[in-house]
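Please examine the chain shown below with its sequence at hand. The explanation that follows moves from the packing of side chains to the domains, the helices and the loops.

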Amino acid sequence: MNLDKELIINDLDKIFPLPEGIGSLRVLDKISLQLDRGEIIAILGPSGCGKSTLLNILAGFEKPNKGEVYFKGTPVTKPTSQIGMVFQSAVLFPWLTVKGNIAYGLRFKKYKDKEIDTICQQHIHLVGLEGFEKYYPNQLSGGMQQRTALARILALEPKVLLMDEPFASLDAQSRITMQQLLLSIWSQIQPTIIFVTHDVEEALVLADNVYIMSKLPGRITHKIKVPLGRPRPISVIGTAEFSKIKGDILTLLFS
Ligand SMILES: Nc1ncnc2c1ncn2[C@@H]1O[C@H](COP(=O)(O)OP(=O)(O)OP(=O)(O)O)[C@@H](O)[C@H]1O
Ligand SMILES: [Mg+2]
């Protein structure tokens, strides 16, 4: 095994029983990926091809039928705070404030109250929510809820961030703001990121490598190295290089 790699995904198969109890559905077929520390990859693929299932296995929420996941050489078989997941809609506790939501997971880590205050403040600053510490989720916009969800995961200091279409429910402008926020956070703490999206532009703005999955059973059909430098401001979308690679990926997705 290549121990230089942060995350190794080796030959994963996932088969679900059909709801009627007879027969089964092969969802993932021989998925193998290797990520360097701090690498950002995006996964594109048709609806229902197994992207969320793959992330659930990487997070330790689901078990594969075959294959293994290694984080820094250690098998991942159950959820760990080293690997954090951000979902499509922000999963927040409605009865807790922004600060309360961020503090929640920290209380299980046996931090002292003062340390929790400091970590909360750092992460509220990181996601730009100063002044909203005492707001409840129903008093926040969708983008602010997603910032809170991101801060809550980042406060636990995961080394790997799994992001399952996290900005899909946001309007176009908030989405771009969140993409740039994520890149700014990445430049500060450099987590390894697996980002699932349906949006080719989003994949290209964020990722070092883009992987394309087939329809069921989900297989990795292509890996595209994104030939764009960092930092990657939003203006990159207007460049000829960006249009060219976007066209190439759309052709692969729809051919
Ligand atoms: N717990 C489960 N039991 C049975 N079948 C499941 C289960 N979870 C997912 N599936 C099936 O696995 C397939 C892949 O689902 P998954 O949610 O991973 O797709 P996806 O690529 O994330 O789709 P989308 O882009 O729409 O989010 C679907 O056919 C789904 O019905
Ligand atoms: Mg999904």
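In this predicted model, Val210 has contacts with residues distant from it in sequence. Leaving aside its neighbours within four places in sequence, Val210 is in contact with Ala42 and Leu44, with Ala203 and Leu204, with His222, Lys223, Ile224 and Val226, and with Ile249. Val210 itself is found in strand S9 (209-213), while Ile249 falls in helix H7 (240-254).

Val210 also belongs to the largest nonpolar core, which has 49 residues. Within that core, the members that touch the most others are Leu150, Leu161, Met163, Ile193, Leu204, Val210 and Ile249. Helix H5 (residues 172-189) gives the most to this core, contributing six residues. The core also draws on both domains, with at least three residues from each of domain 1 (1-82 + 167-255) and domain 2 (90-157). Apart from this core lies another one, of 27 residues, which includes Ile43, Leu58, Met85 and Val196. In soluble globular proteins, nonpolar side chains tend to be buried together.

The domains themselves may be considered next. The protein is divided into domain 1, made of the segments 1-82 and 167-255, and domain 2, which covers 90-157. Their centres, taken over C-alpha atoms, are separated by 25 Å. Nine residues from domain 1 and eleven residues from domain 2 take part in the contact.

How do the helices pack? Two packed helices are described by the angle between their axes and the distance between the axes. For helix H4 (residues 142-154) and H5, the axes come within 11 Å and cross at roughly 20°. H4 is therefore roughly parallel to H5, since angles under 35 degrees count as roughly parallel. The crossing in which H4 passes H5 is right-handed. On the H4 side, the residues that meet H5 are Gly143, Gln146, Arg147, Leu150 and Leu154. Their counterparts in H5 are Thr177, Met178, Leu181, Ile185 and Ile189. Leu150 thus appears in this helix pair and also among the residues of the largest core that touch the most other members.

A second pair is formed by H2 and H3, whose axes are 9 Å apart and pack at an angle of about 125°. These two helices are therefore oblique to each other, and their crossing is right-handed. Here Val98, Lys99, Ile102, Ala103, Leu106 and Arg107 in H2 meet Asp113, Ile116, Asp117, Ile119, Cys120 and Ile124 in H3. An α-helix has 3.6 residues a turn, so residues three or four places apart point the same way. The buried residues of H2 are Val98, Gly100, Asn101, Ile102, Ala103, Gly105 and Leu106, and they pack against H3 and H4.

Asp113, one of the H3 residues that meet H2, is nevertheless exposed, with a relative accessible area of 58%. Its C-alpha atom is separated by 32 Å from that of Gln179, which is 66 residues away along the chain.

Helix H1 (residues 51-58) is mostly covered, as six of its eight residues are buried. The buried residues are Lys51, Thr53, Leu54, Leu55, Ile57 and Leu58. Of these, Leu58 is also a member of the core of 27 residues. H1 is followed by Gly60, which has a positive phi near 85°.

Positive phi values also occur in residues other than glycine. Lys110, just after H2, takes a positive phi of about 65°. Lys110 lies in the loop between helix H2 (98-108) and helix H3 (113-126), and is exposed, with a relative accessible area of 72%. Glu157, likewise not a glycine, has a positive phi near 55° and is found in the loop between H4 and strand S7 (160-164).

Where do cis peptide bonds occur in the chain? One runs from Leu216 to Pro217, with omega near -10°. Pro217 is placed in the loop between strand S9 (209-213) and strand S10 (220-225). Another cis peptide bond runs from Arg230 to Pro231, with omega near -5°. Pro231 is found in the loop between S10 and helix H7 (240-254). The two loops thus flank S10, one between S9 and S10 and the other between S10 and H7.

Notes
Residues numbered from 1 in each chain as written. Chains lettered and ligands numbered in written order. Predicted model: local features only at pLDDT ≥ 70, side-chain atom pairs only at ≥ 80, totals over all residues. Heavy atoms only, no water. Core = buried A, V, L, I, M, F, W, Y, C linked by side-chain atoms within 4.5 Å. Buried < 20%, exposed > 50% of the residue type's maximum accessible area, 1.4 Å probe, protein only. Helix = DSSP H or I, 4+ residues; strand = E, 2+ residues; numbered from the N terminus. Domains from an automatic or database assignment. Contact = heavy atoms within 4.5 Å. Axes fitted to C-alpha atoms, helices over the stretch in contact; angles between N-to-C directions. Parallel < 35°, antiparallel > 145°, perpendicular 65-115°, else oblique. Left-handed = near helix turned anticlockwise from the far one by under 90°.
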